[in-house]
Amino acid sequence: MAYDADNIFAKILRDEIPSTRVYEDDEFIAFRDIAPSAPTHIIVIPRLRDGVAPTGPAGLADEDAAMVGRLVLTATRIAEEQGLASEGYRLVMNSGEAAGQTVFHLHLHILGGGRLGPVA
Ligand code: AMP
């Protein structure tokens, strides 16, 4: 699947649509999910590189391994900053429409702030 530079997260990155950012650095931004599935629901995404990002887990290549590692570490730091770590939280990455992926720009969900239900 080709990357669509007009997807919602690309527009959030370009500030073409508003978001509530909770974190940003040179490589990633994080913002609150517009339709939270938990008391705290944050999305972490990589910034565009050469105008593109991986479309999701299925779009990853070997060369993305270090970036994905940093994505997970960044999410754990955000969870700590948001006060989720002591109680526990969930990191979720959907791949494909059957799994519920609706935005085809790689992203990690951070879900926490209360007791979560079963994974599926
Ligand atoms: P996924 O279903 O894994 O593709 O996750 C996409 C997530 O993006 C969903 O949880 C949506 O609620 C969220 N979302 C969609 N549009 C926005 C938006 N404008 N701002 C924040 N989150 C959004």
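**Entry 1. Ligand shell**

I began with the shell around the ligand, where helix 1 gives the most, with 3 residues. I note here that the model is a predicted one. Two elements, helix 1 (8-13) and strand 2 (28-32), each supply at least two residues of this shell. I then looked up the makeup of the shell by class and found 7 nonpolar, 7 polar and 2 charged residues.

Which residues come nearest to the ligand? Of the 16 residues around the ligand, I list D33, G100, T102, H107 and H109 as those that come nearest.

**Entry 2. Polar contacts of the ligand**

I went through the oxygen atoms of the ligand next. An oxygen atom of the ligand lies 2.5 Å from an N or O atom in the side chain of D33. For G100 the partner is a polar backbone atom, with a ligand oxygen 2.7 Å away. V103 also offers a polar backbone atom, here 3.0 Å from an oxygen atom of the ligand. On its own the ligand has 500 Å² of accessible area, and the protein covers 85% of it.

I looked up the surroundings of V103 as well. V103 sits in the loop between strand 4 (89-92) and strand 5 (108-112). Is V103 buried or exposed? I find V103 buried, because its relative accessible area is 10% and the cut-off for buried is under 20%.

**Entry 3. Overall fold**

I stepped back to the whole chain. I count its secondary structure as 2 helices and 5 strands. Along the sequence these elements follow the pattern α-β-β-β-α-β-β.

What radius of gyration does the chain have? The chain has 14 Å, and this agrees with the value near 14 Å that a compact globule of 120 residues would have. The C-alpha trace spans about 40 × 30 × 25 Å along its principal axes. Of the 120 residues in the chain, 38% are buried.

**Entry 4. Salt bridges around R21**

I searched the whole structure for salt bridges and got 6. As background, side chains of opposite charge can pair when their charged atoms come close.

I took R21 as the starting point. One salt bridge joins R21 to D15, with the closest N and O atoms 3.1 Å apart. Another joins R21 to E24, where the closest N and O atoms are 3.0 Å apart. I checked the exposure of these three residues. R21 is partly exposed, with a relative accessible area of 23%. E24 also counts as partly exposed, at 44% relative accessibility. D15 is exposed, with a relative accessible area of 57%.

**Entry 5. The R70 and E27 pair**

I moved on to R70 and E27, whose side chains meet in a salt bridge at 2.8 Å, N to O. Why does this pair tie together parts that are 43 residues apart in sequence? The reason is placement: R70 lies in helix 2 (residues 65-81), whereas E27 lies in the loop between strand 1 (21-24) and strand 2, so the bridge links those separate parts. R70 is partly exposed, with a relative accessible area of 39%. E27 counts as buried, at 18% relative accessibility.

I then looked for salt bridges that share partners, and these join D15, R21, E24 and R47 into one network.

**Entry 6. Positive phi angles**

I checked the backbone for residues that have a positive phi without being a glycine. D15 is one of them, with a phi of about 60°. I place D15 in the loop between helix 1 and strand 1. D15 thus comes up again in my notes, having already appeared as a salt-bridge partner of R21.

D50 is another non-glycine residue with a positive phi, of about 55°. Where is D50 found? I find D50 in the loop between strand 3 (40-46) and helix 2. D50 counts as exposed because its relative accessibility is 84%, and the cut-off for exposed is over 50%.

**Entry 7. One distance**

I ended with the distance between V103 and D50. In sequence the two are 53 residues apart, and in space 19 Å, C-alpha to C-alpha. I set their exposure side by side: V103 is buried, whereas D50 is exposed.

Key. Residues numbered from 1 in each chain as written. Predicted model: local features only at pLDDT ≥ 70, side-chain atom pairs only at ≥ 80, totals over all residues. Heavy atoms only, no water. Near = heavy atom within 4 Å. Polar contact = N/O pair within 3.5 Å; in protein donor to acceptor, adjacent residues only side chain to side chain. Areas by Shrake-Rupley, 256 points an atom, 1.4 Å probe, with all protein chains shown as cover. Helix = DSSP H or I, 4+ residues; strand = E, 2+ residues; numbered from the N terminus. Nonpolar A, V, L, I, M, F, W, Y, C, P; charged D, E, K, R; others polar. Salt bridge = Lys/Arg side-chain N within 4 Å of Asp/Glu carboxyl O. Buried < 20%, exposed > 50% of the residue type's maximum accessible area, 1.4 Å probe, protein only. Rg over C-alpha atoms; globule rule 2.2 N^0.38 Å.
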